[in-house]
Amino acid sequence: MRHLVCVTVLLCGVAFGQQAPVIAVKTGRLLDPVAQKVRTGAVVVVQDGRIKSVGDAVPPGAQVVDASGLTVSPGFIDTHTHVMLQGDPTDVEYDEQILKESLPYRALRASRAMRIALEHGFTTLRDIGNEGAGFADVDMKKAVAAGIIVGPRLFVATKALAPTGAYGLGGTSYSWQLDMPKGVEMCDGPDACRRAVRDQIAHGADWIKVYADRGYYRRPDGQIRSLPNFTQEELNAIVDQAHRTNRRVAAHSITPTGHAIALAAGVDSIEHGQVIDDATAKQMAQKKVFLSPTLTVIGYVDAPRSKTNPIWNAIAKASEESFRRALAAGVQIALGTDAGGFPWDQINQAKEFKIYVDRGMTPWQAIRSGTVVAASLLGKESELGTLAPGAYADLVGMKDDPLKDITATERVSFVMKEGVVVIPSGR
Ligand SMILES: [Zn+2]
């Protein structure tokens, strides 16, 4: 019955020519990050939320959106965020949020965070672990898709995985009598870890996130290393199970200790990677494993965390050379900030673009990192980060030219997501 109604509506629509309106976005300079070319005076033709074509003229009858005074790029993509978090420079702020804020309150704050991200030009986020919020990230994704809230489209990882005792809350900070809530799903042993992967996917995970290492320290030779969280067998089981179900795996991994087990298991992205040696960089490039560097958050947590543990200063310092090493080795670097690790309303996550340029990327490389390369990490090259026909009509406009001054990405003055204007040009 329901099927019949749909067919009737569809036929009626065609019979009366009720097609979605055509929108023509006039641009001043249009950046094509796939071809690394700039077009002057191009018109992006949009219908049904998707790009129909890019040409030089406004099609007859089209609604015009005038961004002709701006440099326009495909919408930005951040591959490492936590919408359910609002800044945790230290454990104190983290524990406050997990212990004192109800899930509805955290969801309301997430909704605001997502609106801010979208207004900053980020039309897509890979939200990589919801930090003790159950499966609320799936609800946030659903709410955006249904038009209940306005925000970036989300790819979600639900609960990140770590073995017992390897992630907050708990440990020795609280009485052992208390059964503390956890920021992750704990799993031990290959079978239990396979089950944990299945559980995340059953609840709507697009990605699987694992914590590959923790406990960062300096070896006597000065090198920074860490404690591996999982056995190789556990990590192998997690990646195998995820890949069998067509999900990719992101590994939090700061030092070569974590990188070694994560890469051997076959993960798809290394998160943070602040300490990368030559062998790791070479292996990542060969295996086409993405790096999501999250340099904005490192700049934010470095000072407060170093007060109690100076290793964070050393990690921040190592991150400069590691980034250059990965870039030189040809590792695919997808823009990732760890927004949520820093407060959404205090730091614009687009700051990450400038840090990449400061550390050796060309402006084009930085823009590609937050569009084409990030889309490739998501396996969505034909729909995101591109101006190709059929891609989502996600566009951002800037008054200044980011190819001349990359900080232009921090001053977005026009945002369109799926053909809907979020911020009108001229703001
Ligand atoms: Zn993170």
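How many bridges join strand β18 to strand β19? In this predicted model, three bridges do the job, linking β18 (residues 412–417) to β19 (residues 420–423) with the two strands running antiparallel. One of the bridges can be picked out by its residues: Val415 is matched with Ile423 in β19. Together β18 and β19 make a hairpin, with two residues sitting between the strands. Glu418 is in that turn, and its phi is positive, at about 50°.

Parallel pairing turns up elsewhere, in an open sheet of three strands ordered β6-β7-β8. Here β6 (76–81) and β8 (153–156) take the edge positions with a single partner strand each, so one side of each has no neighbour in the sheet. Going from one strand to the next, the twist averages 15°. Four bridges hold the parallel pair made by β7 (residues 122–127) and β8. Looking at that pair by residue, Arg126 has Phe155 of β8 as its bridge partner. A helix is laid over this part of the sheet: α4 (residues 136–145) lies across β7 and β8, and runs at about 155° to β8.

Turning to helix packing, α5 (residues 190–202) and α6 (residues 232–244) meet at an angle of about 30°, and their axes are 8 Å apart. With angles under 35 degrees counting as roughly parallel, that is why α5 is described as roughly parallel to α6. The crossing of α5 past α6 is right-handed. On the α5 side, the contact is made by Pro190, Cys193, Arg194, Val197 and Arg198. Glu233, Glu234, Ala237, Ile238, Gln241 and Ala242 make it on the α6 side. Sorted by character, the residues of this contact of α5 with α6 come out as six nonpolar, four charged and one polar.

Helix α6 also shows up in the surroundings of another helix, α7 (residues 256–265), as part of what covers its buried residues. Eight of the 10 residues of α7 are buried, so the rest of the structure largely encloses this helix. The buried set consists of Pro256, Thr257, Gly258, His259, Ile261, Ala262, Leu263 and Ala265. Besides α6, the cover includes the strands β12 (213–218), β13 (224–228), β14 (248–253) and β15 (269–272), along with helix α8 (278–287). Right after α7 comes Gly266, which has a positive phi near 95°.

Conventions. Residues are numbered from 1 along each chain as its sequence is written. This is a predicted model: local features need pLDDT of at least 70, side-chain atom pairs count only at pLDDT 80 or more; totals for chains, interfaces and linings use all residues. Axes are lines fitted to C-alpha atoms, for helices over the stretch in contact, and angles run from 0 to 180 degrees between N-to-C directions. Angles under 35 degrees count as roughly parallel, over 145 as roughly antiparallel, 65 to 115 as roughly perpendicular and the rest as oblique. A crossing is left-handed if the near helix is turned anticlockwise from the far one by less than a right angle, and right-handed if clockwise. Two residues are in contact if their C-beta atoms, placed from the backbone, lie within 7 Å. Ala, Val, Leu, Ile, Met, Phe, Trp, Tyr, Cys and Pro count as nonpolar, Asp, Glu, Lys and Arg as charged, and the others, Gly among them, as polar. Two strands pair if DSSP finds at least two bridges between them. A residue is buried if 20 or more other C-beta atoms lie within 10 Å of its own, exposed if 12 or fewer, and partly exposed in between; C-beta atoms are placed from the backbone.
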